[in-house]
Amino acid sequence: MKRLLGTLLAGAVIGGGVAPVLAADLPEPAAPEAYSAPAPVPQERFYWTGFYFGGTLGYGWGDRDANGPATGSFDLDSNGVNAGVHAGYNYMFTPNWLLGMEADIAYTDQSDSASPNGVGVKATSNWLSTVRARAGYVFDNNVLVYGTGGLALADRKWSGGGSDDSDVTAGWTVGGGVETALTDHLTARAEYLYADFGKENYNFGGTSVKSDLSEHIARVGMSYKF
């Protein structure tokens, strides 16, 4: 028994001495590398310069202040769908500022009727076209905020008493919108236009009327840029 205990004590002493030596011979653990976040990928810039075409869909509100010898003064308010096509050209003359020209034509579906002083009259306008300059600023590479203005054309017709009188009237338009690039070739927009066509005289069915016409248009659209 004494011999067994002596053997165990000797082994413990030898093991205790060898362990520090072995530990000293082991390599130092490598220090962990500091974490660095990956560099952000720069957003690709949309190239706005070039020709484009597209379509729009929205709603329009028309207002006519009219008067005549038989009718007296009265108002007609009309509204309807505004759906059309457009085409234009943009030019970036600085990294952020843009100038362009755009032409469009839209079906307007505007009509209203009344019987002022017992005289039955109806006013309609079926299309609206504009030729406008655009100027805007590009934010975040792909978002264009712009103002626009120029020439407006619209058909105007008054009818009553089995007869009508119509013409195509020139006026002016002004508005603005926001357009954003969706892909390298597709953009989407939201736009507002105000158009004013002044006063015109109409004679129909023994009735004469002098009327103005103004329209408010809110619409969205898509364009394809070449």
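At 5% relative accessibility, Arg189 counts as buried, where buried means under 20% relative accessible area, exposed over 50% and partly exposed in between (1.4 Å probe, protein chains only). The model is predicted, with local features needing pLDDT of at least 70 and side-chain atom pairs counting only at pLDDT 80 or more, while totals for chains, interfaces and linings use all residues. Residues are numbered from 1 along each chain as its sequence is written, and side-chain values use heavy atoms, with hydrogens and water left out.

Arg189 pairs up with Glu102 in a salt bridge, at 2.9 Å from N to O; the term covers a side-chain nitrogen of Lys or Arg within 4 Å of a carboxyl oxygen of Asp or Glu. This contact joins distant parts of the chain, as Glu102 sits in strand 3 and Arg189 in strand 7 (residues 186–204), 87 residues apart. Strands here are DSSP runs (E, at least two residues), numbered from the N terminus.

Glu102 has a second partner to look at: Arg132, with a salt bridge of 2.7 Å, N to O. Here strand 4 (residues 121–139) supplies Arg132 and strand 3 (residues 97–114) supplies Glu102, 30 residues apart. Both ends are tucked away, with Arg132 buried at a relative accessible area of 1% and Glu102 buried at 2%.

Arg132 also forms a salt bridge with Asp104, the closest N and O atoms being 3.1 Å apart. Asp104 lies in strand 3 and Arg132 in strand 4, so this pair ties together parts that are 28 residues apart in sequence. Asp104 is buried too, like Arg132.

Zooming out, a network of salt bridges links Glu102, Asp104, Arg132, Arg134, Glu179, Arg189, Glu191 and Arg219. The salt-bridge count comes to 10.

Technical notes
Helices (H or I, at least four residues) and strands (E, at least two) are DSSP runs, numbered from the N terminus.
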